[in-house]
Amino acid sequence: MLLYLSLLFTGSLFVVQADSRVTWNGTELEANTDSYHHGIEPSWRQTNWTLDSEVCPGGYSLVGDKCLMFVTFITQPFGEARQFCHAAQGELAAITTATDFKTLVDYMHANDFTSGDFWLDGTDEAEEGVWVTSSGEVMPLGTPFWAAFGTSQQPDNGSGNENCLSLPSVWFFYMSDNPCSALKHFICEATIPPQKKAASAALAPLGPSAVGGRVECPILFVEVGGLCMMFITWEKETWENARQACAGASSELLAITDVEVLRALYLYIHQDNLSGHAFWLGGSDLASEGTWVYTTGEPVPMGTPFWGLYEMTAPIQEPNGGTGQNCLAITGHGHYNFRDYSCISHFNPLCVYTG
């Protein structure tokens with residue numbers, strides 16, 4: 001252990017930071033063609049990353065507002081991985097917000113951590129099905145965190161002893177439960193000193209966010225994630241007719257570009273007993289196959305943590321329907337991840353108020 005740490009912090013095994021300040025533009029990186037289909041540009045390729053080693057301890061890199069160390073030169077069981085992180089003055093990385101999850105996945109793609117599995121901080125060893133971090137913080141379940149297939153979503157305790165949290169590359173870095181004895185790479189997190197918190201927040205990747213203060217919505221619309229949405233559950237329409245239904249109410253089919261909005265929507269659907277419904281969103285690739293855009297003209301974010309998976313044993317990430325499935329919807333069957341469907345399918349319109 002001490003030898004590993006000595007080599008790690010002198011940079012002999014792998015380079016964590018090349019100098020005191022490193023910047024790069026994610027748009028210059030090449031996408032993994034095995035993971036993304038139809039020539040679609042994943043969201044991580046559009047991210048401008050800025051790191052400042054002065055914020056984090058030696059061996060750690062600033063990812064969003066977290067100091068993380070990606071240990072790829074050894075694999076360990078969950079318990080031993082935790083011990084390694086403790087010796088490195090950290091803990092396994094705890095990811096409990098949708099923004100932190102997306103930031104982590106984007107960073108892993110941008111830095112080519114695209115093979116192997118990684119332990120994160122989270123177990124349900126104390127009580128089956130109740131996932132918590134080592135600090136006792138409750139781990140969020142459901143979308144957009146956990147791998148979702150056509151008929152099931154993680155965690156499923158498939159082998160009866162899957163009590164530890166990992167990010168498997170084969171499942172496009174969605175969360176999964178695994179036996180704690182499995183050997184995996186892992187990600188450590190160091191606590192950022194309070195005096196450096198402000199600096200790390202200033203360096204975190206910026207992006208549009210619709211999640212903010214409360215808003216007042218007109219009748220039939222409800223506030224979800226800072227937006228005024230209308231769930232037309234009394235009618236099922238084709239995608240084009242759903243667009244027209246929204247337009248008649250001074251709205252458009254919903255465009256989701258912020259992962260926190262997706263999380264807020266997922267929670268609202270389940271809290272308001274709407275999980276039996278499937279909803280059209282405003283995205284399609286009708287104009288150009290493989291290029292997904294919203295009716296607003298905004299690009300549809302691609303990859304994890306937006307689009308769901310297909311086939312657990314030989315996973316493929318949506319969209320995978322080719323020219324026969326050109327419109328974007330979220331369904332209970334698909335665990336409310338993004339999925340492509342035939343535009344003549346009949347789903348409920350989900351509108352966002354535009355005034």
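Helix H6, the nonpolar cores and the aromatic pairs

At the start of H6, the backbone nitrogen of Glu260 lies within 2.7 Å of a side-chain oxygen of Asp258. Helices here are DSSP runs of H or I with at least four residues, strands are runs of E with at least two, and both are numbered from the N terminus. The model is a predicted one, in which local features need pLDDT of at least 70 and side-chain atom pairs count only at pLDDT 80 or more, whereas totals for chains, interfaces and linings use all residues. Residues are numbered from 1 along each chain as its sequence is written, and side-chain values use heavy atoms, with hydrogens and water left out.

The protein has six helices and 19 strands. Of its 355 residues, 52% count as buried, where buried means under 20% relative accessible area, exposed means over 50%, and partly exposed lies in between (1.4 Å probe, protein chains only). Among the contacts with a separation of 6 or more, 72% are between residues 24 or more positions apart; a contact requires heavy atoms within 4.5 Å.

Helix H6 covers residues 259-271, and its end C-alpha atoms are 18 Å apart, in agreement with the 18 Å that its 13 residues should span at 1.5 Å a residue. The expected span is taken as 1.5 Å times one less than the number of residues. Buried positions in H6 are Val259, Val261, Leu262, Arg263, Leu265, Tyr266, Tyr268 and Ile269. The elements that cover them include helix H3 (98-110), S10, strand S11 (227-231), strand S13 (279-284), strand S17 (327-330) and S19. Just after H6, Asn273 adopts a positive phi of about 55°.

Helix H3 likewise has end C-alpha atoms 18 Å apart, which agrees with the 18 Å expected for 13 residues at 1.5 Å each. In H3, 12 of the 13 residues are buried, including the charged-type positions Asp100, Lys102 and Asp106. Asp112, just after H3, has a positive phi of about 65°.

In soluble globular proteins, nonpolar side chains tend to be buried together. A nonpolar core is defined as a set of buried Ala, Val, Leu, Ile, Met, Phe, Trp, Tyr and Cys residues joined through side-chain atoms within 4.5 Å. The largest such core has 57 residues, and Met175, Phe231, Ile256, Leu265 and Phe338 have the most contacts inside it. H6 supplies the largest share of this core, seven residues. Beyond neighbours within four places in sequence, Ile256 contacts Val261, Leu262, Leu265, Leu281, Tyr294, Pro301, Phe306 and Phe338. Apart from the largest core lies another of 21 residues, among them Leu62, Phe84, Cys85 and Cys188.

The structure holds 20 aromatic pairs. Rings of Phe, Tyr and Trp (its six-membered ring) pair if their centres lie within 6.5 Å, and planes under 30 degrees apart count as stacked, over 60 as edge-to-face and the rest as tilted. Trp131 and Trp146 form an edge-to-face pair, because their ring centres are 5.3 Å apart and their planes stand at 65°. Both residues lie in the loop between strand S6 (117-123) and strand S7 (162-168), 15 residues apart. Trp131 is buried at 3% relative accessibility, and Trp146 is buried at 0%. Phe221 and Tyr353 are also edge-to-face, at 5.3 Å centre to centre and 65° between the planes. Phe221 is in the loop between helix H4 (194-203) and strand S10 (222-224) and Tyr353 is in strand S19 (residues 348-353), so this pair ties together parts 132 residues apart in sequence. Phe221 is buried, with a relative accessible area of 9%, whereas Tyr353 is partly exposed at 36%. Ring pairs also join Phe70, Tyr107, Phe113, Phe118 and Phe173 into a cluster.

Gln154 is placed in the loop between S6 and S7 and is buried at 4% relative accessibility. Its side chain makes a polar contact of 3.2 Å with the side chain of Asp156. A polar contact is a pair of N or O atoms within 3.5 Å; within protein, one must be able to donate a hydrogen and the other to accept it, and residues adjacent in sequence count only if both atoms are side-chain atoms. Not counting residues up to four places away in sequence, Gln154 touches residues including Trp146, Trp171 and Met175.
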